[in-house]
Amino acid sequence: MDMIEYYFSLHYKLPNARLRVFQYREDFYQNQTLHSYFTYEESRWVVKGFRQDVQVVNLLDTLLALDRYIEVLEFKLKHFRLFLQELPQGDRVMLNMKYFHKQELPDTESLRNAERLCFSEVQEIEEAACFRFRFYKMPDFLIEAAEILDLEDENFTDSFNVNFTAMLELLGVDAV
């Protein structure tokens, strides 16, 4: 249930990600000169300069990636909090004690049911995030073993037809 633990730690990850954006900007301007300068290398003087075409592009790419990461975290945290508010109080308390406060709880049927429900919701949030942010690869834990058809000779045609039809639907093409 690592994914449940991950979702209970999102409220820590979000401020840390925002802090990284601030620190990365600060480091960019404090740790380099934006002017050209002379330096002595390999027994000769050389003019070095600030490579705007490389360094500014790298800065912007990194900041955009961090902003997207923050946006994804905010989306996941928002929907996870909404889910937790809808849970019965007893289930919410058990999950908080186990995954937020890291307390050891006895293995009971009610805890297993709450974990199953929570994991199911986490899967739905992950799937929604994949569609919302146009990730091209679904996380591996979302692929259920039951959904993968057996590719032995007798089932290959059925498997191919099902997967091909799903691909056509995804592409928005009408199957003939």
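Is Phe 75 buried or exposed? Phe 75 counts as buried, because its relative accessibility is 16% and the cut-off for buried is under 20%. Keep in mind that you're looking at a predicted model. The protein chain has six helices and two strands, and the notes below walk through its surface, its rings, one loop residue and its charged pairs.

**The overall picture**

- Going along the sequence, the elements of the protein chain come in the order α-α-β-β-α-α-α-α.
- The protein chain has 176 residues, and 25% of them are buried.
- Take the contacts in the protein chain between residues at least 6 apart in sequence: 57% of these join residues at least 24 apart.
- The protein chain has an accessible surface of about 13,100 Å², with 55% of that belonging to carbon and sulfur atoms.

**A nonpolar patch on the strands**

- Phe 38, Tyr 40, Trp 45 and Val 47 together make a nonpolar surface patch of about 550 Å².
- Two elements give two or more residues to this nonpolar patch: β1 (37-41) and β2 (44-48).
- Phe 38 sits in strand β1.
- With a relative accessible area of 61%, Phe 38 is exposed, since anything over 50% counts that way.

**Aromatic rings**

- Nine aromatic pairs turn up in the structure.
- One of them is Tyr 40 with Trp 45: the ring centres are 5.4 Å apart and the planes stand at 65°, so this pair is edge-to-face.
- Tyr 40 and Trp 45 are both exposed.
- Then there's Phe 75 with Phe 133, whose ring centres are 5.5 Å apart and whose planes are at 85°, so that pair is edge-to-face as well.
- The Phe 75 and Phe 133 pair ties together distant parts of the chain, with the two positions 58 residues apart.
- Phe 75 belongs to helix α3 (residues 52-86), while Phe 133 is in the loop between α5 (109-132) and α6 (153-171).
- Phe 133 is buried, with a relative accessible area of 3%.
- Phe 133 also has a charged partner: Arg 132 lies over the face of its ring, 4.7 Å from the ring centre.
- Elsewhere, ring pairs join Tyr 6, Tyr 7, Phe 8, Phe 80, Phe 83 and Tyr 99 into a cluster.

**A loop residue: Leu 105**

- You'll find Leu 105 in the loop between α4 (89-100) and α5.
- From Leu 105 to Leu 95 is 10 residues in sequence and 9.6 Å in space, C-alpha to C-alpha.
- If you set aside neighbours within four places in sequence, Leu 105 is in contact with Met 94, Met 97, Lys 98 and Leu 111.

**Salt bridges between helices α2 and α3**

- The whole structure holds eight salt bridges.
- Arg 18 and Glu 74 form one of them, with their closest N and O atoms 2.4 Å apart.
- That salt bridge connects distant parts of the chain: Arg 18 is in helix α2 (residues 10-30) and Glu 74 is in helix α3, 56 residues apart.
- Arg 18 counts as partly exposed at 42% relative accessibility, and Glu 74 also counts as partly exposed, at 33%.

**The salt bridges of Arg 112**

- Arg 112 forms a salt bridge with Asp 107, where the closest N and O atoms are 2.9 Å apart.
- Arg 112 forms another with Glu 109, and here the closest N and O atoms are 2.7 Å apart.
- Why are Arg 112 and Glu 109 separated by about one helical turn? The reason is that they are three residues apart in helix α5.
- Arg 112 is partly exposed, with a relative accessible area of 30%.
- As for its partners, Asp 107 counts as exposed at 58% relative accessibility, whereas Glu 109 is partly exposed, with a relative accessible area of 44%.
- Asp 107, Glu 109, Arg 112 and Arg 116 are linked in a network of salt bridges.

Definitions and conventions. Residues are numbered from 1 along each chain as its sequence is written. This is a predicted model: local features need pLDDT of at least 70, side-chain atom pairs count only at pLDDT 80 or more; totals for chains, interfaces and linings use all residues. Side-chain values use heavy atoms; hydrogens and water are left out. Patches are made of residues with over 30% relative accessible area and no salt bridge: like charges are joined within 9 Å, nonpolar side chains (Val, Leu, Ile, Met, Phe, Trp, Tyr) within 5 Å. Accessible areas come from the Shrake-Rupley method with a 1.4 Å probe; for residues, only the protein chains shown count as cover. A salt bridge is a side-chain nitrogen of Lys or Arg within 4 Å of a carboxyl oxygen of Asp or Glu. Helices (H or I, at least four residues) and strands (E, at least two) are DSSP runs, numbered from the N terminus. Buried means under 20% relative accessible area, exposed over 50%, partly exposed in between (1.4 Å probe, protein chains only). Contact means heavy atoms within 4.5 Å. Rings of Phe, Tyr and Trp (its six-membered ring) pair if their centres lie within 6.5 Å; planes under 30 degrees apart count as stacked, over 60 as edge-to-face and the rest as tilted. A charge sits over a ring if NZ of Lys or CZ of Arg is within 6 Å of the ring centre and within 35 degrees of the ring normal.
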